[in-house]
Amino acid sequence: DIESATAWRRGQLSFIEQPLGVVMAELDRYYAGHIQVANPAVAARPISGVFASARPLDAIAVIERNLGVTIRRVEDTIVID
């Protein structure tokens with residue numbers, strides 16, 4: 001899919017059925033701190049979506065609401081359980 005492959009050029013990150021751990025690793029590149037998925041079962045959950053690369057916290061908030069995961073902050077690290 002050309003649109004998904006070139007989404008980064010438009011400031012977007014596009015994922016289709018990717019494990020949450022992979023999505024968070026990509027969002028981590030755009031976050032000033034660190035993002036970690038603590039629970040391996042949660043990291044394996046598939047997710048699809050298009051997120052603004054400049055707004056990783058918005059993406060995390062959407063994921064929290066839609067997947068029912070727990071987000072907590074430990075200093076400059078966001079931990080997802």
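## Thr77 and strand S5

Thr77 sits in strand S5 of this predicted model. Thr77 is buried, because its relative accessible area is 15% and the limit for a buried residue is under 20%. Leaving aside neighbours within four places in sequence, Thr77 touches His34, Gln36 and Arg72.

Two of these contacts return later. Arg72 takes part in a salt bridge. His34 is also among the contacts of Asp28.

## The turn at Glu75

Strand S4 covers 71-74 and strand S5 covers 77-80. Glu75 lies in the loop between them. Glu75 is exposed, at 78% relative accessibility.

The backbone of Glu75 deserves a look. Most residues other than glycine have a negative phi. Glu75 is not a glycine, yet its phi is positive, at about 55 degrees.

## Glu17, another positive phi

Glu17 also has a positive phi, near 50 degrees, and is a residue other than glycine. Its setting is a strand: Glu17 belongs to S1, residues 12-19. Glu17 is exposed, with a relative accessible area of 54%.

## Salt bridges

How many salt bridges does the model hold? The count is three. Side chains of opposite charge can pair when their charged atoms come close.

One pair is Glu26 with Arg29. Their closest N and O atoms are 2.7 Å apart. Glu26 is partly exposed, with a relative accessible area of 21%. Arg29 is exposed, at 59%.

Another pair joins Arg55 and Asp58, with the closest N and O atoms 2.5 Å apart. Asp58 is partly exposed, at 37% relative accessibility. Arg72 pairs with Asp81, and here the closest N and O atoms are 2.9 Å apart. Arg72 is partly exposed at 39% relative accessibility. Asp81 is partly exposed at 27%.

## Asp28, buried and unpaired

Asp28 belongs to helix H2, residues 20-28. Asp28 is buried, yet it has no salt bridge. Which side chain of opposite charge is nearest to Asp28, and how far away is it? Arg29 is the nearest, at 8.2 Å. A salt bridge needs a side-chain nitrogen within 4 Å of a carboxyl oxygen, so Arg29 does not pair with Asp28. Arg29 does form a salt bridge with Glu26.

What does Asp28 touch instead, leaving aside its neighbours within four places in sequence? Its contacts are Gly33, His34 and Ile35.

## How H2 and H4 pack

Helix H2 packs against helix H4, residues 56-67. Their axes are 10 Å apart and the angle is about 160 degrees. Angles over 145 degrees count as roughly antiparallel. The two helices are therefore roughly antiparallel to each other. H2 passes H4 in a left-handed crossing.

Which residues make the meeting? On the H2 side they are Leu20, Val23, Met24 and Leu27. On the H4 side they are Pro56, Ala59, Ile60, Ile63 and Leu67.

## Gly49 in strand S3

Gly49 lies in strand S3, residues 46-52. Gly49 is buried, at 18% relative accessibility. Outside its neighbours within four places in sequence, Gly49 is in contact with Leu13, Ser14 and Phe15.

Val23, one of the H2 residues that meet H4, offers a distance to compare. Gly49 and Val23 are 26 residues apart in sequence. In space, their C-alpha atoms are 9.6 Å apart.

## Pro40 in helix H3

Pro40 is in helix H3, residues 40-43. Is Pro40 buried or exposed? Pro40 is exposed, with a relative accessible area of 63%. Pro40 and Arg72 are 32 residues apart along the chain. Their C-alpha atoms are separated by 16 Å.

Methods. Residues are numbered from 1 along each chain as its sequence is written. This is a predicted model: local features need pLDDT of at least 70, side-chain atom pairs count only at pLDDT 80 or more; totals for chains, interfaces and linings use all residues. Side-chain values use heavy atoms; hydrogens and water are left out. Helices (H or I, at least four residues) and strands (E, at least two) are DSSP runs, numbered from the N terminus. Buried means under 20% relative accessible area, exposed over 50%, partly exposed in between (1.4 Å probe, protein chains only). Lys and Arg count as positive and Asp and Glu as negative; His and the chain ends are not counted. Contact means heavy atoms within 4.5 Å. Axes are lines fitted to C-alpha atoms, for helices over the stretch in contact, and angles run from 0 to 180 degrees between N-to-C directions. Angles under 35 degrees count as roughly parallel, over 145 as roughly antiparallel, 65 to 115 as roughly perpendicular and the rest as oblique. A crossing is left-handed if the near helix is turned anticlockwise from the far one by less than a right angle, and right-handed if clockwise.
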